[in-house]
Amino acid sequence: MSTSSLVVLSVLLALVVIAVLAVALIEVRRRLASISGTLATLAGALETVESEHLRTLEPSVKAINAQFDTILSALPGIAAKAKVVAERRPR
């Protein structure tokens with residue numbers, strides 16, 4: 001093969017690679033746009049669930065968490081007493 005035919009083939013190969021990459025990037029953009037629309041729909045649905053269903057649970061969750069805080073604050077004292085009992089136990 002001559003040098004000019006190799007140059008022509010190299011240019012054609014570069015054009016094919018560029019065309020394939022362009023098509024792939026266009027497809028990626030199209031799919032990302034579709035995903036973006038779906039995520040927007042999902043975000044709207046989640047906001048609806050939160051505002052209509054979860055906000056009403058907030059006082060109950062806060063009350064439960066307060067009880068857990070009380071329980072957790074008592075655990076170090078319980079652990080210390082359990083240690084004393086365990087040390088007194090005969091082996």
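This is a short walk through a predicted model, going from the whole chain down to single side chains.

**Whole chain**

Start zoomed out, with a cartoon of everything. You should find two helices and zero strands. The radius of gyration is 34 Å, well over the 12 Å that the globule rule gives for 91 residues, so the protein is more spread out than a compact globule. If you turn the C-alpha trace to line up with its principal axes, the spans come to about 95 × 50 × 15 Å.

Now switch on a surface. How much of the chain counts as buried? Of the 91 residues, 0% do. The protein exposes about 8200 Å², and carbon and sulfur atoms supply 70% of that area.

**The nonpolar patch**

Next, select M1, L6, V7, V8, L9, V11, L12 and L15, and show them as sticks under the surface. Together these residues make a nonpolar surface patch with about 780 Å² of accessible area. Click on L6 as a sample: L6 sits in helix 1, and its relative accessibility of 43% puts L6 in the partly exposed class.

**Helix 1 and its charged trio**

Stay on helix 1, which covers residues 3-54, and move along to E27, R30 and R31. What links these three? They are joined in a network of salt bridges.

Take the pairs one by one:

- R30 with E27: the closest N and O atoms are 2.5 Å apart in this salt bridge. The two residues are three apart in helix 1, which means about one helical turn separates them.
- E27 with R31: here the closest N and O atoms are 2.9 Å apart. This pair is four residues apart in helix 1, again about one turn.

The spacing is worth a second look down the helix axis. An α-helix has 3.6 residues a turn, so residues three or four places apart point the same way. Side chains of opposite charge can then pair when their charged atoms come close.

Colour the trio by accessibility and the classes come out like this: E27 is partly exposed at 29%, R30 is partly exposed at 47%, and R31 is exposed at 52%. For R31, the class follows because exposed means over 50% relative accessible area.

**Helix 2, starting end**

Jump to helix 2, residues 58-88, and pick E58 and K62. Their side chains meet in a salt bridge, 3.3 Å from N to O. Being four residues apart in helix 2, they are about one helical turn from each other. E58 is partly exposed at 39%, while K62 counts as exposed at 54%. Over the entire model, the salt bridge count comes to four.

**Helix 2, end to end**

Put a distance label between the end C-alpha atoms of helix 2. Why is 45 Å the span to expect? At 1.5 Å a residue, its 31 residues should span 45 Å, and the end C-alpha atoms are indeed 45 Å apart.

For a last stop, select L75 and P76. Where does helix 2 bend? At L75, by about 35°. A proline, P76, follows within four residues of that point. Show both residues as sticks, look along the helix from the side, and you have reached the end of the tour.

Conventions. Residues numbered from 1 in each chain as written. Predicted model: local features only at pLDDT ≥ 70, side-chain atom pairs only at ≥ 80, totals over all residues. Heavy atoms only, no water. Expected span 1.5 Å × (residues − 1). Bend = angle between axes of the 7 residues up to and from the residue. Buried < 20%, exposed > 50% of the residue type's maximum accessible area, 1.4 Å probe, protein only. Patch = residues over 30% accessible without salt bridge, like charges linked within 9 Å, V, L, I, M, F, W, Y side chains within 5 Å. Areas by Shrake-Rupley, 256 points an atom, 1.4 Å probe, with all protein chains shown as cover. Rg over C-alpha atoms; globule rule 2.2 N^0.38 Å.
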